[in-house]
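Reader: Please take me through the charged side chains with some care, and set their pairing against the background of the fold. I would like one continuous account rather than separate remarks.

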Amino acid sequence: MAAEVLDTKGLNCPLPILKARKALSVLQAGQVLEVLATDPGSMADFEAFCRQTGCELMESGEDDGVYRFVIKNV
């Protein structure tokens, strides 16, 4: 279960990543952030973000144009 859900629908790169970074900065290690986005580039963006930060991308997917990312904070 996510500690926080971040709705970035309608925002384009780099805003979803920047908002996710800010949201993760206030979560404790091990807590989970769920991000919702509509930017098709967000799939690659969040994969790269998690590789760079060490956060765990637990789930990702798309349903009817809405991309969902479940990220575990480090």
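Author: In counting charges, Lys and Arg are taken as positive and Asp and Glu as negative, while His and the chain ends are left uncounted; each charge is placed at NZ of Lys, CZ of Arg, CG of Asp or CD of Glu. On that basis the chain carries 7 positive and 11 negative charges, and the mean positions of the two sets lie 8 Å apart. The model is a predicted one, in which local features need pLDDT of at least 70 and side-chain atom pairs count only at pLDDT 80 or more, whereas totals for chains, interfaces and linings use all residues. Residues are numbered from 1 along each chain as its sequence is written, and side-chain values rest on heavy atoms, with hydrogens and water left out.

The fold is the background for the pairing. The chain has 2 helices and 4 strands (DSSP runs numbered from the N terminus, H or I of at least four residues for a helix and E of at least two for a strand), and from the N terminus on these elements follow the order β-α-β-α-β-β. The radius of gyration is 11 Å, close to the 11 Å of the globule rule for 74 residues, so the chain is as compact as a globular protein of that length (the radius is taken over C-alpha atoms, and the rule is 2.2 Å times the number of residues to the power 0.38). The C-alpha trace spans about 30 × 25 × 20 Å along its principal axes. Of the contacts with a separation of 6 or more, 65% join residues 24 or more positions apart, a contact being heavy atoms within 4.5 Å.

Side chains of opposite charge can pair when their charged atoms come close. A search of the whole structure finds 3 salt bridges, each defined as a side-chain nitrogen of Lys or Arg within 4 Å of a carboxyl oxygen of Asp or Glu. Two of the pairs share a residue: Arg68 meets Glu34 with N to O at 2.9 Å, and Glu59 forms a salt bridge with Arg68 in which the closest N and O atoms are 2.8 Å apart. Glu34, Glu59 and Arg68 are thus linked in a network. Arg68 belongs to strand β4 (residues 66-72) and Glu34 to strand β2 (residues 32-37), so their pairing ties together parts that are 34 residues apart in sequence.

The members of this network differ in their cover. Glu34 counts as buried at 16% relative accessibility, while Arg68 at 33% counts as partly exposed, as does Glu59 at 41% (buried means under 20% relative accessible area, exposed over 50%, and partly exposed in between, with a 1.4 Å probe and protein chains only). In the remaining pair, Lys9 and Asp7 bring their closest N and O atoms to 3.3 Å; Lys9 is partly exposed at 39%, and Asp7 is partly exposed at 45%.

Between Asp7 and Lys9 in numbering comes Thr8, which lies in the loop between β1 and α1 and is buried, with a relative accessible area of 0%. Setting aside neighbours within four places in sequence, Thr8 is in contact with Pro16, Lys19, Val35, Leu36 and Ala37. The loop between β1 (4-7) and α1 (15-25) also holds Pro14, and the peptide bond from Cys13 to Pro14 is cis, with omega near 10°.

Strand β4, which holds Arg68, also includes Val66, a partly exposed residue at 26% relative accessibility. Beyond its neighbours within four places in sequence, Val66 is in contact with Lys9, Leu36, Ala37, Thr38 and Gly61, so Lys9, the partner of Asp7, is among them. The C-alpha atoms of Val66 and Pro16, 50 residues apart along the chain, are separated by 13 Å.

One further acidic residue deserves a remark. Asp64 is found in the loop between β3 (56-63) and β4, counts as exposed at 75% relative accessibility, and has a positive phi of about 55° although it is not a glycine.

For the chain as a whole, 34% of the 74 residues count as buried. The exposed area is about 4400 Å², with carbon and sulfur atoms supplying 50% of it, as computed by the Shrake-Rupley method with a 1.4 Å probe, where for residues only the protein chains shown count as cover.
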